Structures are given as C-alpha cells and as structure tokens.
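Got your viewer ready? Load the model, switch to cartoon view, and follow along one selection at a time.

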Amino acid sequence: MSKLRLYNTRTRSTELFTPIDPARVTMYCCGPTVYSFAHIGNARPPVLFGLLARVLKRTYPSVIYARNITDVDDKINQAAIAQSLPISAITERFTAAYLADTGAVGADMPDVQPKATAHIADIIEMCENLIARGHAYVAAGHVLFDVTSFADYGKLSRRSLKEMIAGARVEIAPYKKNPADFVLWKPSTPELPGWSSPWQTDSDASGRGRPGWHIECSAMAKAHLGETIDIHAGGNDLLFPHHENEVAQSTCAHGGKIFANYWLHNGMLTVDGAKMSKSLGNIHLISDLRVKYRPEALRYWLLSGHYRQPLDFSDAAMVQAKTTLDRVYAALDSLAAVTPTPDVGADSVMAALCDDLNTPLAIAELNLLAKEAQKADGAPAKALAKARLLAAGELLGLLQTDPRVWFQGDAQTDADTARFDALLAERDAARLAKNYARSDEIRKEFAEAGVLLEDTANGARWRRG
C-alpha cells in the first residue's frame, strides 16, 4: 500500500505522514461560522479534507476527524440583533443549511462536530491556564494573549512580530500591552450573548462575556483530540491570524507541547479569474449551484484541482465536469449486465491520493479506468474493469448514482420518469414492429421535452441534456 505524504505548512516541505499513535489518528478541520448560507468556496475544505479523512480511515484502524461549528461570533450577533432573534435561531438554521449543502456535494461528515457554545467551560479553563502561566493578562474585563510571551509567534505564517505590529491597520485598544495581542475573552453588553466568567468589569460583577474566535478552536481540539494532534487543516486564508494564534495559545497552555504536527492549507477559489466578493456580485451559494448543476459534477470539479492551488469556477468548467462524468458513467453503463469481481480496490487512485492528496491525478486515473472498462474484452476482463471503476468511484465519492438514473438526469417529477420510460418502451416496440414513423414521432417528443434519446450497446436510454 502507498505511504501517505503530505505538504506540511509548518515545515514548508512534503513529509511522510507518521501519526503520534497509529491506533488513534487525529485530525481537526476549521468549520464554518454559521450566520449565512455557505458559498462554493466554503465547500472546498470539507470536500477535500473529508476525502483525506477517508484515505486515513482506509489506512489506520481508528481515525477521529473533528470539524467544528463556530456558533458564537460577532457576525452571528449582528444577524441576530438585526432580525430580533436569539443567536441559536440563526446558528441552528445555518448549521442545517451548511450540512445540507456540503452533504449534497459529498463532503464526509466528521466523526466529531463540536460547537463553541458547548465548550465555554473548556474555553474559560484554557484562559485561566494561560493567565497562570504568564501568557495572558486581564484588562478592562478582557483576557488577552501576550504575543511577546511566545518566542515562536509568527513562525507558522513566517511573519515577524515587528512586521505584524508595523502592519497593524486598526486602532489599538488602550488596554493592550502590545498592538499584536489578541483577545481570548471579552465582556458582553446586555444585548449580546454572554456567559459568567471570573473576569469582572466595573458594570458587571458576574464577568458576563463571550470567547474570542481563536480560543474556541484550541479548546475544542483539546477537548476531543488531545493536547497534540496529528493534522490541522483549513483554508490558507486562516493561516494568519487564526492558525497562528491557535498555535500560540495551545502551545503555551500545554507547557510547550506542539499543537499540531502537520498543517494543511487549501488554496482559495476564484470566479472567472476574479476573487469572490460582494462588490463584484460574484458570490455563488452552494444552495443555488446544486440546483443549477448536478451536485456530483460540482464535487468532480472541486476535486479537479490540487488542494494547495487556487481553483477557478466558471460555467465552462462545470460543463466540462458534467461532460467528463457523462463519459465515465457511460463506461459504467456499458457494463450494466456484468457482475464485478469481488474484493478489488482502486490502487492507482489510492496511490494518487497518498501523494499529498493529488486529486487531479486521482481524477485522471478514474478516467483511465473508464477507458479501460470500455475496451475490456471477455467476461473476466469486464468484471475486473467494472470492479476497479466502482472502487475508484467509491473512494472519490463519485459514480454514486445508478447510470440509468444519471442519464435520466434531474427528472422533475415521478410522473416525468414514468412518462419517458413508457415512451421509451413504446419506441422499442415500434422499432421491433418496424413502425419507424411512430419511432421517429417518439424521438421528436423527447427532443421537444429537452430530453436526449440515445441508442447504446445495452439498448436505448433517455437523459436530460
């Protein structure tokens, strides 16, 4: 079996993956802040790192894949205030939407999905630990991390503290010792969510407040995976300050222990070559795209680029993804009557994924297997080819639909399906009776309905274009 190699942002090199404990591999992926619907760029980390979890689970006996939900945040608070709702009404709605949208494109569900609001006690405990160790301080009801107390601050993102302070663009709060110090805990005014804490203010003896964003992930990772984890993953937009701050607070809270041995970061997504932004009006929601395009085609496209590189979304890219998937499904459909050879894996696809999650190469191997399946001659060869193609699809989260259903497309109602199936049966009967006039009329009916009629080696079939 191929050995897994990963590009480690921490060392800026590709390394052989060696887990702390092969009997319990741990991976943490930064999840969504649930205040709105997820856009297509938000689908990339759960799809790609969910696939990595799938690879790990085929290699090691126990893998714990955690992906958090940030359900307390200033953006959530703003949305709740604007709609006169409790934050739970906002977070529950958009958590459900996120899971539905990412599930539609085949993102693997994590083994653990912790929510920040369920870990307030862990967050407070970590803050107290950092204060006791001299890495954090209390000021004006805030708890702040003292970046000068951690000599390696900036090492993950390769930034010097002087550069970070010089590049600060926001007004520095007067209670900070250093401009780069970041918030671990902050006081809450009455209209904001809050929890009692040891850090009182002049106006609130209960110390009512809420956590900062960075401390949430550190506390949740420790609670579910331990003080040192194997893999931490997320978008490269989180490298600084989020991941840098996670490293600082976790390392210092745990007595100098390494927080994560391997750091993986995916590249960002563009749209027609431009950065996604509200000002350009080019933010595409997953919920919209999975109606416009086949969700499996979206997954295929998400896997088509290497995770560390940028990926550009366009209508042309989606047409290409669907066309290519059609060819692969056609190869599988050509073997509809063949029973696949049992216990056959997808070694070439697995080898590609073990090469730093090289999904473009894995996709190329899938297409090669499809070509080989169409060329297979003889029962044993066809059985083996079908088995390999199915195994590759299962590993990649593709070919998850029956080919017949795939080529019928997104029939809008069961009545549509029944109607077209009946027409197809009638056309077969007409051709058998050499009633070619009726056969042509039926073909015309399909065309007028926007449905393609195809004659294959396994008989006629219909599909939406």
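How are α2 and α3 oriented to each other? Select residues 74–83 for helix α2 and 87–104 for helix α3: their axes come within 8 Å and cross at roughly 115 degrees. The two are therefore roughly perpendicular to each other. Angles of 65 to 115 degrees earn that label, while under 35 counts as roughly parallel, over 145 as roughly antiparallel, and the rest as oblique. The axes are lines fitted to C-alpha atoms, for helices over the stretch in contact, with angles running from 0 to 180 degrees between N-to-C directions.

Before going on, some ground rules. This is a predicted model, where local features need pLDDT of at least 70 and side-chain atom pairs count only at pLDDT 80 or more, while totals for chains, interfaces and linings use all residues. Residues are numbered from 1 along each chain as its sequence is written, and side-chain values use heavy atoms, with hydrogens and water left out. Helices (H or I, at least four residues) and strands (E, at least two) are DSSP runs, numbered from the N terminus.

**Still at α2 and α3**

The crossing here is right-handed, that is, the near helix is turned clockwise from the far one by less than a right angle (anticlockwise would be left-handed). Show side chains for Ile 76, Asn 77, Ala 79, Ala 80 and Gln 83 in α2, which meet Ile 87, Ile 90 and Thr 91 in α3. A contact means heavy atoms within 4.5 Å. By class, this one has 5 nonpolar, 3 polar and no charged residues. For the classes, Ala, Val, Leu, Ile, Met, Phe, Trp, Tyr, Cys and Pro are nonpolar, Asp, Glu, Lys and Arg are charged, and the others, Gly among them, are polar.

**Zoom out**

Now show the whole chain. You should find 16 helices and 15 strands. The C-alpha atoms fill a box of roughly 90 × 50 × 35 Å, taken along the principal axes. Buried residues make up 51% of the 465 in the chain; buried means under 20% relative accessible area, exposed over 50%, and partly exposed in between (1.4 Å probe, protein chains only). Among contacts with a separation of 6 or more, residues 24 or more positions apart account for 75%.

**His 119 and α6**

Next, pick His 119, in the loop between α3 and α4 (120–132). Is His 119 buried or exposed? At a relative accessible area of 7%, His 119 is buried. Leaving out residues up to four places away in sequence, His 119 touches Pro 114, Met 220, Ala 223 and His 224. Try a distance label from His 119 to Met 220: their C-alpha atoms are separated by 6.7 Å, although the two are 101 residues apart along the chain.

Met 220 also belongs to the buried set of α6, which includes His 214, Ile 215 and Leu 225. Select residues 213–225 to see this helix, which has 13 residues and reaches 19 Å from its first C-alpha to its last, close to the 18 Å expected at 1.5 Å a residue. That expected span is 1.5 Å times one less than the number of residues. Just after α6, Gly 226 takes a positive phi of about 120 degrees.

**A cis bond**

Move on to Phe 240 and Pro 241, which are joined by a cis peptide bond with omega of about 5 degrees. Pro 241 sits in helix α7 (residues 239–253).

**α11 against α12**

Select 347–354 and 359–375, the ranges of α11 and α12. Their axes come within 8 Å and cross at roughly 170 degrees, and the pair is therefore roughly antiparallel. Ser 348, Val 349, Ala 352 and Leu 353 in α11 meet residues of α12 including Leu 361, Glu 365 and Leu 369. This contact has 7 nonpolar, 2 polar and 1 charged residues.

While you're here, look at Asp 343 in the loop between α10 and α11. Asp 343 has a positive phi of about 55 degrees despite not being a glycine, and at 82% relative accessibility counts as exposed.

**Last stop: α13**

Select 379–396, helix α13, with 18 residues. Its buried residues, among them Lys 386, Leu 389 and Leu 396, pack against α1, α9, α10, α11 and α12. Just after α13, Gly 397 has a positive phi of about 75 degrees. Finish at Leu 399, in the loop between α13 and α14 (403–408): phi is positive here too, about 55 degrees, but Leu 399 counts as buried at 8% relative accessibility.
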